[in-house]
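These are my notebook entries from going through the structure, set down in the order in which I looked things up.

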Number of protein chains: 4
Amino acid sequence: MEGGCSMTPLEQTVYLWLEERGVQIEEIAELTFFLQINYIPDVTMEECIENVQTVLTKREVQNAILTGIQLDILAEKEILREPLLQMLRSDESLYGIDEVMSLAILNVYGSIGFTNYGYIDRLKPGILCRLNSKSDGKIHTYLDDLVAAVASAAASRLAHTRHLLTILE
Amino acid sequence: MEGGCSMTPLEQTVYLWLEERGVQIEEIAELTFFLQINYIPDVTMEECIENVQTVLTKREVQNAILTGIQLDILAEKEILREPLLQMLRSDESLYGIDEVMSLAILNVYGSIGFTNYGYIDRLKPGILCRLNSKSDGKIHTYLDDLVAAVASAAASRLAHTRHLLTILE
Amino acid sequence: MEGGCSMTPLEQTVYLWLEERGVQIEEIAELTFFLQINYIPDVTMEECIENVQTVLTKREVQNAILTGIQLDILAEKEILREPLLQMLRSDESLYGIDEVMSLAILNVYGSIGFTNYGYIDRLKPGILCRLNSKSDGKIHTYLDDLVAAVASAAASRLAHTRHLLTILE
Amino acid sequence: MEGGCSMTPLEQTVYLWLEERGVQIEEIAELTFFLQINYIPDVTMEECIENVQTVLTKREVQNAILTGIQLDILAEKEILREPLLQMLRSDESLYGIDEVMSLAILNVYGSIGFTNYGYIDRLKPGILCRLNSKSDGKIHTYLDDLVAAVASAAASRLAHTRHLLTILE
């Protein structure tokens, strides 16, 4: 299992909430793998998982994930006030605060992740497709964007790390 | 009264929620005035109010305000899950999603508002002081930043508009 | 022709520099059309051109375009200092300041444009393909991202405007 | 001297360019100290220097600094085209791309640095005052904002690190 006893309580909460909402770390890492396989042919799933885990140690990322998942849950339980409730329940196209929160995640590893984020957010590969299907009665207006952002940030970190290794060798 | 029948329903909701949370448009405009009086000596309160009102017509601004106020209310009612509840109730210094949302407002009028935002967010003049006092049992973790962002965005718009008028004259 | 005598001198410069670098307003509008045709079946090229033109009236957008094109030209003429010159000439994947500048453009119409930007920046339809080909000895490290950002911002504005019309009808 | 043989060539270039433009790491660290002394009474200059140095290891930060300083130098040498040259030489208030680049630096350590950035960017303590004086014929339109951003990012990192140490103790 990921991280274990060296995790902060907040980090553990993030893993717990992601799991409760049906998101496995491996599924996020699959998106990172999908983004990098054409550029780094020898990239491994293990490397992608490690990078996703490192992204999840960042406080800004943790704050964004907890806030977003909380809003999704409240929309699901219909506790939000109108017209906000309807915007979140329908994932209204002119509501962009979910993208704003994702951007906070992306920025931690610099701007090179923007393109990757937009690409998978529109293509919806893997878990992003499931989170968007709404087939299970769940609301994932925030979560699908947050997952795409974590995967893209991990891809940025992976690219930066690989490049540094090249220099140092 | 502001706007009136030409307002969209969403805009009306924004005015209503702001008023419910104790924020008058004039108080936001006072911050804009405070920010501009040293640069534009003939700036008027009327001009500041108009610019605040125009900022509030923007959909991105409306989305940010409704989402932020909703989170404040839920924190007040203790409906949020821990550890998020405690972060919002204490306005924890390492929780920056309120700043992220404010940035979405600032960006609508370009980057020249960042400095103004940081300046009044730290100085806390006028209404920002009251929103931060927590004396009334209210939680304004998001609202104080959002108000500072709207006031700074209005200051940016005012500067841009004045400059355009200079060119056209 | 676009805008004409109602344009500010700065706006005219933007049109001039874009044309000098081989970019027609119609080509940017084609990207906007490409982004919206699946969502708004009756969208017209005329509407897309109008929205691109409105995006180009914004000062923040003008600043970003002039700064980015200037850097491209200086890279072309090899006037920049190393290692910056090599980063820009090779459009190095870990150099993301071009994306940072594009984000400043996108933000003017809110966060809903991020996804569109990433999507076309990766897919490279139309003019973006030509700007990236480097076949003509030109450096367009900044310009291709800026064009994608203007097209995506225009798509956001178009979506916002259409929605407002629906409400008011 | 800072870093030494473990630095990447790019990092060494950043130190070199900062020094050439008259900025010492200690002067940036003094801004960080100024920002934190009221919140962390036992903060030391050594700790501030270390955090500034860590901020400077980040690729996004390095890219922003090199690009900004390059633009300042070109403005100084009058190599930029008009009207961009005049905007940069006069540090025109409606030109905000310097702030956009600073934001890219701030974002690496999360959004909690925005307020600090705006605060010192307006107050101009220490080195920021000198960079703004223009008394020496130098153009520092970008550099003063970049220095404020690095100092604020270092303050954010310091706050995050101190908090983590509290948890782990």
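**Entry 1: helix 6 of chain D**

How many of the residues of helix 6 (residues 97–107) of chain D are buried? I looked this up in a predicted model, where local features need pLDDT of at least 70, side-chain atom pairs count only at pLDDT 80 or more, and totals for chains, interfaces and linings use all residues. As for labels, residues are numbered from 1 along each chain as its sequence is written, and chains are lettered from A and ligands numbered from 1 in the order in which they are written.

I found that 11 of the 11 residues of this helix are buried, and among them are D:Ile97, D:Asp98, D:Glu99 and D:Asn107. I call a residue buried if 20 or more other C-beta atoms lie within 10 Å of its own, exposed if 12 or fewer, and partly exposed in between, with C-beta atoms placed from the backbone. Helices (H or I, at least four residues) and strands (E, at least two) are DSSP runs, numbered from the N terminus.

**Entry 2: chain A as a whole**

I counted nine helices and zero strands in chain A. Its radius of gyration is 16 Å, which agrees with the value near 15 Å that a compact globule of 169 residues would have; the radius is taken over C-alpha atoms, and the globule rule is 2.2 Å times the number of residues to the power 0.38. Along the principal axes, the C-alpha atoms of chain A fill a box of roughly 55 × 35 × 25 Å, and buried residues make up 53% of the 169 residues.

I then turned to contacts, for which two residues must have C-beta atoms, placed from the backbone, within 7 Å. Of the contacts in chain A with a separation of 6 or more, 77% are between residues 24 or more positions apart.

From the record I noted that UniProt, in an unreviewed entry, lists residues 28–160 of chain A for "domain: YutG/PgpA"; such annotations may be inferred rather than shown by experiment. The end C-alpha atoms of that span lie 19 Å apart, and the span is 69% helix and 0% strand.

**Entry 3: how chain B meets chains D and C**

I looked first at the contact between chains B and D, which takes 20 residues from each of the two chains. On the side of chain B, the elements that give two or more residues are helix 6 (97–107), helix 7 (114–123) and helix 9 (141–168), and helix 7 gives the most, with eight residues. By class, this side has eight nonpolar, nine polar and three charged residues, where Ala, Val, Leu, Ile, Met, Phe, Trp, Tyr, Cys and Pro count as nonpolar, Asp, Glu, Lys and Arg as charged, and the others, Gly among them, as polar. Because 100% of the interface residues of chain B are also interface residues in chain D, the copies meet through the same surface.

For chains B and C, I found 10 residues of chain B in contact with 10 residues of chain C, and helix 4 (59–76), helix 6 and helix 9 of chain B each give two or more residues to that side.

A rotation of 180 degrees with 0.0 Å of shift along its axis superposes chain B on chain C, with an RMSD of 0.0 Å, and the two copies are thus related as by a two-fold rotation axis. The superposition is by least squares on the C-alpha atoms of residues with pLDDT of at least 70 in both. Of the residues of chain B, B:Val108 comes closest to the axis, at 2.1 Å (C-alpha).

**Entry 4: two residues of chain C**

C:Tyr119 lies in helix 7 (residues 114–123) of chain C, and it counts as buried because it has 22 C-beta neighbours inside 10 Å. Apart from residues up to four places away in sequence, C:Tyr119 touches A:Gly118, A:Tyr119 and A:Arg122.

C:Val150 is, with A:Val150, B:Val150 and D:Val150, among the residues with the most contacts inside the largest nonpolar core, which has 232 residues. I take such a core as a set of buried Ala, Val, Leu, Ile, Met, Phe, Trp, Tyr and Cys residues joined through C-beta atoms within 7 Å. Leaving aside neighbours within four places in sequence, the contacts of C:Val150 include C:Ile28, C:Val52 and C:Ile105.

**Entry 5: backbone details in chain A**

I recorded a cis peptide bond between A:Glu82 and A:Pro83, with omega about 5 degrees; A:Pro83 is found in the loop between helix 4 (59–76) and helix 5 (84–89). A:Lys124 has a positive phi of about 55 degrees although it is not a glycine, and A:Lys124 is partly exposed, with 15 other C-beta atoms within 10 Å.
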